[in-house]
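I opened this entry to record a few look-ups on cysteines, one helix and a surface patch. The notes follow the order in which I checked things.

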Amino acid sequence: MTTKTTWSVGRVLRDRDAGLYLSGVVVSGFGTSALWLASGVWVKDLTGSDGLAALCMLAMWLPTLAGPLLGTLADRGRRRPLLIGVNLLLGALLLTLVRVDAPGDLWLLYAVLFVYGAAGVVHDAAESALVARAVEPSLLGDFNGLRTTATEGMKLLAPLAGAALYAAHGGAGVALLDAATFVLAAGLYAALRVREEKPTPATGSPRLRTAEGVRHLWAHPVLRPLVLAGGATMLCAGLNGAMVYAVVDGLGHSPAYTGVLYAVQGAGSVAVGLLSGPALRHLGARRFAASGIALLAVAVALRAVPSDPVALVCGGAIGMGLPPVLIAAMTSVQRETPGALLGRATATAHTLVFTPNVVGLAAGAALVELVDHRLVLVALGVALLVTAAPLCQSPARAERTVSRSSSDASPA
């Protein structure tokens, strides 16, 4: 598999447009990860309030709930100019944060973060739709795997760089860095050579156009189980994430040890991203997703064992087990959705998959105070195995149904 992996990854990297896309992901992902850390620290320094600092993440995440509606913007025009415009808009918007230097200015920070999150939803939907047109369908799994590798790699490096920049130049310095990354990303998107046809004029009411993405995902025999499994997995992942400090406490370490576990988890995600393309081709989307969820289930349950070596191995296994269902679901959405509907379908899938993660984090934060974390972890392992089981049933039958008539599966 190593030779096949190297070959397929090399094909993606040799493709000019795919390379530009991945460069844009790395550049903008670096800035976003740096700002994600710095914004909370910034608010904490100005106010001393943990609650107000936590609102930064809420402001960035909240627009995800409007994913089906925001996704319609990605289907109303050509996606490349939209990506360029969104990146330039965010670059200009972030420049306004240089004015934030007192608690009374925090409304501006929250407003910028909210727009940042909303623009991110539109950006991701447009990018997914454009990638599906620019990258060879057989290589979409490899591309999305490399995208995961790039994103997780930035999560390992960018927070450290952001913290150092914040310590030297404050929050304004991090905002300027993030603005520069968006301008650079806009330049990379401008260099793409993708040809796009002008979309047909929208028909029907905005509500009906928004609902088309939901109907497509629900009616599709391949996409529905993958998206539902992704949402259930992310719910369990959120609950598991809320247990991390209890796990570290059970190991007898200080809270800072969570950084070690997250680093190992990130390394696992980076590794699995490189293997995703060949694994998708060999196993198919359903079994690839099920294999990852099963690995995640075992790793989460074994975190109940108070052992440093076990905790580290489980951290790496969690990092490897979580991305497959996300990669399988999003790759399948790109392959099985008509181009005119892809922005809405992608944004809707993101909402259905990632919103449960935040719900899980919130529920886990309350649950960890009431129940022994070891019991919760074992229960989560069982729940994840139950989630994986339906994906192991007759994957070929569902895929044959779609291959016979993918257009018939779409109400649009």
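**Cysteines**

I looked up C314, which is buried, with a relative accessible area of 3%. The model is a predicted one, and I read it as such. I then checked C236: at 8% relative accessibility, C236 also falls under the 20% cut-off and so counts as buried. Next I asked how many disulfides a search of the whole structure finds. The search returned zero.

**Helix α6**

I went to helix α6, which covers residues 106–134 and has 29 residues. From the first C-alpha of α6 to its last I noted 40 Å, close to the 42 Å expected at 1.5 Å a residue. Is α6 mostly covered or mostly uncovered? I found it mostly covered, with 21 of its 29 residues buried.

**Nonpolar patch**

I listed the members of a nonpolar patch on the surface: L52, L55, L58, L62, L65, F114 and V115. Together these residues have about 520 Å² of accessible area. Which helices each supply at least two residues of the patch? I noted α3 (50–61) and α6. Of the contributors, α3 gives the most, with three residues.

I took L58 as a single case and placed it in helix α3. L58 has 37% relative accessibility, which lies between the 20% and 50% cut-offs, so I entered L58 as partly exposed. As a reminder to myself on spacing, an α-helix has 3.6 residues a turn, so residues three or four places apart point the same way.

Conventions
Residues are numbered from 1 along each chain as its sequence is written. This is a predicted model: local features need pLDDT of at least 70, side-chain atom pairs count only at pLDDT 80 or more; totals for chains, interfaces and linings use all residues. Side-chain values use heavy atoms; hydrogens and water are left out. A disulfide is a pair of cysteine sulfur atoms within 2.5 Å. Buried means under 20% relative accessible area, exposed over 50%, partly exposed in between (1.4 Å probe, protein chains only). Helices (H or I, at least four residues) and strands (E, at least two) are DSSP runs, numbered from the N terminus. The expected span of a helix is 1.5 Å times one less than its number of residues. Patches are made of residues with over 30% relative accessible area and no salt bridge: like charges are joined within 9 Å, nonpolar side chains (Val, Leu, Ile, Met, Phe, Trp, Tyr) within 5 Å. Accessible areas come from the Shrake-Rupley method with a 1.4 Å probe; for residues, only the protein chains shown count as cover. A salt bridge is a side-chain nitrogen of Lys or Arg within 4 Å of a carboxyl oxygen of Asp or Glu.
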